[in-house]
Number of protein chains: 2
Amino acid sequence: MTRSATALPRKADFELPAGVIYLDGNSLGPLPRGAAERAMRTIREEWGNELIRAWNSADWIALPQRVGDRIARLIGASEGSVTTGDTLSIKVYQALAAALRMRPERRVILSDSGNFPTDLYMAEGLIETLGRGHELRMPAPDQVLDAIDESVAAVMLTHVDYRTGRCHDMAAITRRAHEAGAVMIWDLAHSAGAMPLGIGAIGAEFAVGCSYKYLNGGPGAPAFIHVRPDLVETVDPALSGWMGHAAPFAMEPQYRPARAIERMRVGTPPVIQLAILDAALDIWEGVDLAALRTRSIELSEQFIAGVEARCPQLTLASPRDPQARGSQVSFAFEEGYAAMQALIAHGVIGDFRTPDIMRFGFTPLYLDAQDVARAVDILADVMARDLWRDPRFQTRARVT
Amino acid sequence: MTRSATALPRKADFELPAGVIYLDGNSLGPLPRGAAERAMRTIREEWGNELIRAWNSADWIALPQRVGDRIARLIGASEGSVTTGDTLSIKVYQALAAALRMRPERRVILSDSGNFPTDLYMAEGLIETLGRGHELRMPAPDQVLDAIDESVAAVMLTHVDYRTGRCHDMAAITRRAHEAGAVMIWDLAHSAGAMPLGIGAIGAEFAVGCSYKYLNGGPGAPAFIHVRPDLVETVDPALSGWMGHAAPFAMEPQYRPARAIERMRVGTPPVIQLAILDAALDIWEGVDLAALRTRSIELSEQFIAGVEARCPQLTLASPRDPQARGSQVSFAFEEGYAAMQALIAHGVIGDFRTPDIMRFGFTPLYLDAQDVARAVDILADVMARDLWRDPRFQTRARVT
């Protein structure tokens with residue numbers, strides 16, 4: 001069964017707290033109905049009663065692949081091209097290390113200055129580990145296409161900018177990367193579950209992402225990695241752990257990579273968090289991603305129009321063209337940190353990103369036009385009455 | 001309050017299934033009472049109700065350190081020297097990469113042929129990534145001490161052998177490694193929670209381990225890494241993710257490692273599994289590890305005596321000296337796989353390790369002399385009546 005746009009939102013699929021409008025699913029998705037029960041079943045029935053036997057009886061061993069195949073469908077990749085586990089940082093490292101091995105004669109990693117820091121940090125760490133004089137180039141996002149030349153070993157970009165929501169043109173950049181002989185790595189952290197992606201058709205060698213944002217897998221949910229199908233049997237996993245071995249329980253002294261995508265697994269998978277993610281993915285069965293995208297744009301446009309009409313202090317920091325944005329909208333405001341704290345205190349949860357970005361996510365699975373209208377009302381009130389000047393909203397928390 | 005040996009076992013602290021004697025806590029510890037409730041609280045109250053705010057309100061951000069400090073106490077390390085997250089494979093990689101950077105002029109990694117494969121595989125992968133001609137040497141375990149010479153950059157060993165339970169002399173090997181100018185890395189997967197370790201006094205630069213065995217953290221529970229206190233402010237984390245940054249939320253373009261042990265963190269921590277592990281560690285409050293060790297040896301000795309008296313088909317594969325063993329006992333039997341399946345079908349859960357090892361763990365937290373006597377009775381019955389010849393016990397499961 002396919003859910004049409006009119007079948008959205010699916011609020012009943014989530015356990016949302018009363019009195020809260022949640023515009024931060026781009027950072028941590030809310031609790032899907034069924035996730036807690038699945039956790040309980042995994043903990044009590046599988047771990048508690050089956051104990052070690054659950055690796056077979058509950059098929060824990062296949063969970064990373066099973067969940068990977070479900071994510072593959074959501075990013076437009078084919079079965080057997082995605083596996084799950086670890087964190088996004090680790091998966092970035094694997095993809096980048098593998099990419100550099102595929103272009104041993106080149107020395108440039110091309111990213112952009114707006115990329116999420118951990119991707120850049122992991123690249124920095126890898127460069128230092130390699131010690132072979134690789135260079136990380138970070139032009140402005142709109143200069144990336146022109147910066148791709150024959151010196152580039154790997155282009156490593158995040159599709160949707162975490163601050164502004166600006167989308168890269170994945171097809172055009174991948175094409176240019178391939179023309180220049182570079183390997184393409186897409187970070188889909190802010191796009192998986194936000195819109196149709198068609199990563200398979202785009203043909204990037206690697207895609208990585210996290211599952212705790214739009215996929216609602218819960219805090220610290222495992223990451224995913226996609227390898228282009230023609231490469232899964234030859235790609236070098238770089239982090240060669242026992243769960244990526246061709247025969248993990250043969251306990252061979254030498255590493256032999258698994259035949260296919262399993263080789264990108266590393267250590268023992270986080271079974272409980274994978275089970276929760278698996279339950280969270282149930283929500284997506286039958287969701288039409290094109291309809292979801294349409295609705296997300298409607299909600300975002302409604303929000304921008306409302307805020308611009310009523311909050312002159314805020315400046316749109318996202319692209320005005322909705323096709324050039326992901327599923328989030330950002331406004332710049334010098335006192336954005338305090339304003340966001342005031343807004344949260346009044347029941348609208350978004351988040352803040354340094355230096356001055358107020359960030360709002362629009363996820364049509366659990367948001368409707370009424371929510372957006374109410375969020376605009378509350379924000380307008382916070383701004384009109386300068387509620388953010390209250391000193392209790394000025395102190396920075398440890399996590400912003 | 002310290003629990004004396006006579007206060008063991010603490011069966012009430014675990015949710016053990018009826019009719020099962022669990023001798024496989026060395027592979028996956030059972031479900032601690034309180035762990036499921038803690039998971040529920042983290043999922044429903046923190047994730048569900050607090051949503052993104054829980055990073056501050058439930059202090060998720062500090063969880064890896066808080067849990068790390070609790071593990072530090074169990075391995076005899078000082079506060080601030082342990083952090084948690086990722087898998088053991090990843091933590092091995094970090095420790096080894098850091099160790100090799102500390103000895104840039106040396107090219108040998110010394111392990112042993114009995115080490116758990118993933119440690120060896122990760123070393124292999126790192127050597128390939130580095131591409132600087134490092135060599136992984138794997139002498140027999142009893143040849144390790146003599147194999148340490150001035151060419152060795154890092155000695156990387158697992159304290160307790162996963163197959164035989166044989167213990168390395170950590171103090172003697174670490175001393176020899178340091179005399180030769182090598183960096184010492186101990187894998188405590190099979191010893192953390194099994195016996196007093198005093199890793200701080202031993203002075204190894206690194207120790208790593210997993211938390212789903214004797215620490216009962218659940219399937220895929222996060223790993224830990226200990227860095228010697230005098231090195232935490234200078235060690236190179238190798239995998240430089242945003243959670244190891246000095247200011248993760250400043251979103252700086254360049255990596256700056258956190259001042260102390262936090263730098264060994266990588267990506268977003270698995271909050272739910274960390275919370276479960278935190279609950280599992282409650283059991284250890286006040287447990288006297290010396291008393292635990294004494295009782296573990298009593299149980300193991302009882303088991304060996306019983307099996308040797310009544311199962312002539314089985315040959316002890318563990319050291320006979322209990323001081324030279326961890327908390328597990330192994331017997332070799334050509335048809336060990338089928339025999340273990342038959343034993344499990346009769347309510348005694350141990351496990352099998354290729355080629356012929358029947359492995360039994362003795363964890364005094366939830367096992368007593370009666371359990372051991374009954375396990376011996378059942379094993380003796382399985383062997384006396386050749387129950388393992390039943391064809392249903394011959395087919396290998398995917399996970400052995």
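Tutor: Before we start, a definition: copies here are superposed by least squares on the C-alpha atoms of residues with pLDDT of at least 70 in both. Keep in mind that this is a predicted model.

Student: Okay, what rotation superposes chain A on chain B?

Tutor: Two copies of a chain are related by a rotation about an axis and a shift along it. Here the shift along the axis is 0.0 Å and the RMSD is 0.0 Å. That is the relation of a two-fold axis, and the rotation is 180 degrees.

Student: Which residue of chain A comes closest to the rotation axis?

Tutor: Go by the C-alpha atoms for this one. At 2.6 Å from the axis, the residue is L130(A).

Student: And what share of the interface residues of chain A are also interface residues in chain B?

Tutor: The copies meet through the same surface. That follows because the share is 100%.

Student: Now the sheet in chain A: which strands stand at its edges?

Tutor: Seven strands form an open sheet, with mixed pairing, in the order β2-β8-β7-β6-β5-β3-β4. The edge strands each have a single partner, so one side of each is left without a neighbour in the sheet. They are β2 (82-85) and β4 (135-137) of chain A.

Student: Which residue of β4(A) does V108(A) stand opposite?

Tutor: Strand β3 (residues 108-110) of chain A pairs with β4(A) in the parallel sense, over three bridges. Across from V108(A) is E135(A).

Student: Which helix packs on the sheet touching β2 and β8 of chain A?

Tutor: Its direction makes about 120 degrees with that of β2(A). The helix spans residues 63-75 of chain A and is α3.

Key: Residues are numbered from 1 along each chain as its sequence is written. Chains are lettered from A and ligands numbered from 1 in the order in which they are written. This is a predicted model: local features need pLDDT of at least 70, side-chain atom pairs count only at pLDDT 80 or more; totals for chains, interfaces and linings use all residues. Side-chain values use heavy atoms; hydrogens and water are left out. Two strands pair if DSSP finds at least two bridges between them. Helices (H or I, at least four residues) and strands (E, at least two) are DSSP runs, numbered from the N terminus. Contact means heavy atoms within 4.5 Å. Axes are lines fitted to C-alpha atoms, for helices over the stretch in contact, and angles run from 0 to 180 degrees between N-to-C directions.
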